[in-house]
Amino acid sequence: MTTVDLRGATCPTNFVKAKLALETVDTGAVVEFLLDDGEPVKNVPRSLKGEGHKLLGLKEADGCYVLTVEKGEE
């Protein structure tokens, strides 16, 4: 599984980086994103879902959030 660290990236840069990361994997692949609390943890999951990706989980771990996403159809 691919893990992309988006901690420290501000909105909308973190969404753009997440979107670019998903472009590098095949449909159905699972990617983990590390997100900061606040705006990122609210906006990135919603935006990725809006792009057609499947949200598999969001959990807090080690002071950040881990968002697990399955890449949807392009």
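These legends accompany a set of close-up views of a predicted model.

**View 1. The whole chain, from end to end.**
Let's begin with the overall fold, which has two helices and four strands. Read from the N terminus, the elements follow the order β-α-β-α-β-β. The radius of gyration is 11 Å, close to the 11 Å that the globule rule gives for 74 residues, so the protein is as compact as a globular protein of that length. The C-alpha trace spans about 30 × 20 × 15 Å along its principal axes. Of the 74 residues, 39% count as buried. Take contacts with a separation of 6 or more: 63% of them are between residues 24 or more positions apart.

**View 2. Strands β1 and β2, with a helix on the way.**
Here you can follow the chain out of one strand and into its partner. Strand β1 (residues 2–5) runs parallel to strand β2 (residues 30–35), and four bridges join the two. Between them the chain passes through helix α1 (residues 13–23), making a β-α-β crossover that is right-handed. Two of the pairings are handy landmarks: V4 has F33 as its bridge partner in β2, and D5 has L34.

**View 3. Strand β2 meets strand β4.**
Stay with β2 and look at its pairing with β4. These two strands run in the antiparallel sense, with six bridges between them. To find the place by eye, look for E32, whose bridge partner in β4 is T68. How many of the six residues of β2 are buried? The count is five, so to speak of β2 as mostly covered is fair.

**View 4. The hairpin of β3 and β4.**
Strand β3 (residues 54–61) pairs with β4 in the antiparallel sense, over seven bridges. T68 appears again in this view, as the bridge partner of G57. Two residues lie between the strands of this hairpin. D62 is in the loop between β3 and β4, and its phi is near 55 degrees, a positive value in a residue other than glycine. For background, most residues other than glycine have a negative phi. Is D62 buried or exposed? D62 is exposed, because its relative accessible area is 81%, and the cut-off for exposed is over 50%.

**View 5. The buried face of helix α1.**
Which residues of α1 are buried? They are N14, F15, A18, A21 and L22. Seen down the helix axis, these residues fall within an arc of 125 degrees, so they line one face of α1. The elements that cover them include β1, β2, α2 and β4.

**View 6. The largest nonpolar core.**
This close-up shows a core of 16 residues, the largest nonpolar one in the model. L22, F33, L48 and L67 are the members with the most contacts inside it. At least two residues of this core come from each of α1, β2, α2 (39–50) and β4 (64–70). Which element gives the largest share? That is α1, with four residues. As a general point, nonpolar side chains in soluble globular proteins tend to be buried together.

**View 7. The surroundings of L67.**
L67 deserves a view of its own, as one of the residues with the most contacts inside the core. Setting aside neighbours within four places in sequence, L67 is in contact with V31, E32, F33 and L35. L67 also touches V44, P45 and L48, as well as L55, G57 and L58.

**View 8. Two prolines, P12 and P40.**
P12 sits in the loop between β1 and α1. The peptide bond that joins C11 and P12 is cis, with omega about 0 degrees. For comparison, most peptide bonds are trans. P40, on the other hand, has its place in helix α2. Why does P40 count as buried? Its relative accessibility is 9%, and buried means under 20%. Leaving aside neighbours within four places in sequence, P40 is in contact with A9, C11, N14, L35 and P45. N14 and P40 are 26 residues apart in sequence, while their C-alpha atoms are 7.2 Å apart in space.

How values were computed:
Residues numbered from 1 in each chain as written. Predicted model: local features only at pLDDT ≥ 70, side-chain atom pairs only at ≥ 80, totals over all residues. Heavy atoms only, no water. Pairing = 2+ DSSP bridges. Right-handed = clockwise from strand over helix to strand, strands pointing away. Core = buried A, V, L, I, M, F, W, Y, C linked by side-chain atoms within 4.5 Å. Buried < 20%, exposed > 50% of the residue type's maximum accessible area, 1.4 Å probe, protein only. Contact = heavy atoms within 4.5 Å. Arc of directions from axis to C-beta. Rg over C-alpha atoms; globule rule 2.2 N^0.38 Å.
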